[in-house]
Amino acid sequence: MGKILDKIAEGRILVSDGAWGTFLHQKGLKTGECPEAWNTERPGDVLEIAQSYVDAGARIILTNSFGGSPFKLEGYGLRDQTFALNKAAAEISKKAAGGEVLVLGSIGPTGKMVMMGEVSEAELLVGIMEQARGLAEGGADGIVVETMSDLEEGRVAIEAARNATGLDVACTFTFSLTQTGEYRTMMGAGIEEYLEMAGSAGADIIGANCGNGTAGMIEIVREIRTLDPDIPVLVHANAGLPEYRDGETFFPESPVEMASQMKELVAAGANIVGGCCGTTPEHIRHIVQLLKT
């Protein structure tokens, strides 16, 4: 059992961090620029973001590696830096974490689909293993395969992370409420199908991120718990459902509003809670204070 599962086994509710991309852009990341390149070009700016969540009381922080697969980095001419950029991402978060806070290495979607012939399953496995090895070498305590929608990609990513690192592996999918009242991914996968895939692939922690505010996540966790009462659950909710104003996306939930729903999310069965789009260190600070972790 790894460090993250150890903490969950102690009965602790762990508060994770919030959004990263927003703050990279506030620090000057331009549209079309590679966020992961900042791990070696502007590590101080990345460290400040990680540190802001540690200072807010988060017990888990992620890494600036969401788009760090070789398939994503290839678009920036950085494929050959896959290992180095992911290692640097983990080292930065580990530096902010100190000795108490745990680091989850972030692996997001590759943008390639096996079913469309854009990549073979073997190529996908090897590529994600390279990313995962970099995160592990940089000191990550676990890996989170996040914001997934395709069952096949999720399965390969979980297996790659397990094969490459031996660390605890979490996997979160992004679900949206359909007109028929079901939660499904953009690829049509339902919660039950996702749980079957994640279990067979060997995920240690499952859950959901993005796509929903906390209220929607409460419903998703309840459905997960009817299917599996025991597996640890991680939830990174948006700060409410997005609204569009003057051509910009806005997330309406204030730190107080978001935090006020966290006890119900934990009561539904979540073990790790944090934020995704629209969330800030202030959101995390209020969640920590409310849950008194």
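**Notebook: Cys210 and other sites**

I looked up Cys210 and found a relative accessible area of 16%, so I entered this residue as buried (under 20% relative accessible area; exposed is over 50% and partly exposed lies in between, with a 1.4 Å probe and protein chains only). I noted that the model is predicted, that local features need pLDDT of at least 70 and side-chain atom pairs pLDDT 80 or more, whereas totals for chains, interfaces and linings use all residues. I kept the numbering from 1 along each chain as its sequence is written, and side-chain values that use heavy atoms, without hydrogens and water.

**Positive phi**

I placed Cys210 in the loop between β8 and α10; helices (H or I, at least four residues) and strands (E, at least two) are DSSP runs numbered from the N terminus. The phi of Cys210 is positive, about 60°, although the residue is not a glycine. Most residues other than glycine have a negative phi. I recorded Thr147 as a further case, with a positive phi of about 60° and again not a glycine. Thr147 sits in strand β4, residues 142-148, and is partly exposed at 21% relative accessibility.

**Strand β8**

I then read two residues of strand β8, beginning with Gly207; the strand spans residues 205-209. Gly207 is buried because its relative accessibility is 0%. I listed its contacts (heavy atoms within 4.5 Å). Beyond four places in sequence, Gly207 meets Cys171, Thr172, Phe173, Phe175, Tyr194, Ile224, Val233 and Leu234. Ile206 also belongs to strand β8, and with a relative accessible area of 1% it is buried. Its contacts outside the same sequence window of four places include Cys171, Tyr194, Leu195, Ala198 and Ile224. Ile231, Pro232, Val233 and Leu234 are further partners of Ile206. For scale, I took the C-alpha separation of Ile206 and Val54, which is 23 Å across 152 residues of chain.

**Nonpolar core**

Which residues touch the most other members of the largest nonpolar core? I found Tyr53, Ile61, Tyr194, Ile206 and Leu265, in a core of 89 residues. Such a core is a set of buried Ala, Val, Leu, Ile, Met, Phe, Trp, Tyr and Cys residues joined through side-chain atoms within 4.5 Å. I also noted a second, separate core of five residues, among them Cys34, Ala37, Leu78 and Leu85. In soluble globular proteins, nonpolar side chains tend to be buried together. For Tyr53, I excluded residues up to four places away and found contacts that include Asp17, Trp20, Phe23, Ile61, Pro281 and Ile284.

**Thr185**

I located Thr185 in the loop between β7 (183-184) and α9 (191-201). Thr185 counts as buried because its relative accessibility is 6%. A polar atom of its side chain lies 2.8 Å from the backbone oxygen of Ser149. Apart from neighbours within four places in sequence, Thr185 is in contact with Ser149, Phe173, Thr174 and Phe175.

**Leu227**

I found Leu227 in helix α10, residues 214-227. With a relative accessible area of 39%, Leu227 is partly exposed. Its contacts, residues up to four places away not counted, are Ile191, Glu192 and Leu195. The C-alpha atoms of Leu227 and Leu195 are 8.2 Å apart, with their positions 32 residues apart in sequence.

**Helices α6 and α7**

Two packed helices are described by the angle between their axes and the distance between the axes. I found that the axes of α6 (residues 82-97) and α7 (residues 121-137) come within 7 Å and cross at roughly 35°. These axes are lines fitted to C-alpha atoms over the stretch in contact, with angles from 0 to 180 degrees between N-to-C directions. From α6, the contact uses Thr82, Phe83, Asn86, Lys87 and Ala90, and from α7 it uses Glu130, Gln131, Arg133, Gly134, Leu135 and Glu137. I sorted the residues of this contact of α6 with α7 by class and entered three nonpolar, four polar and four charged. Here Ala, Val, Leu, Ile, Met, Phe, Trp, Tyr, Cys and Pro count as nonpolar, Asp, Glu, Lys and Arg as charged, and the others, Gly among them, as polar.

How values were computed:
Polar contact = N/O pair within 3.5 Å; in protein donor to acceptor, adjacent residues only side chain to side chain.
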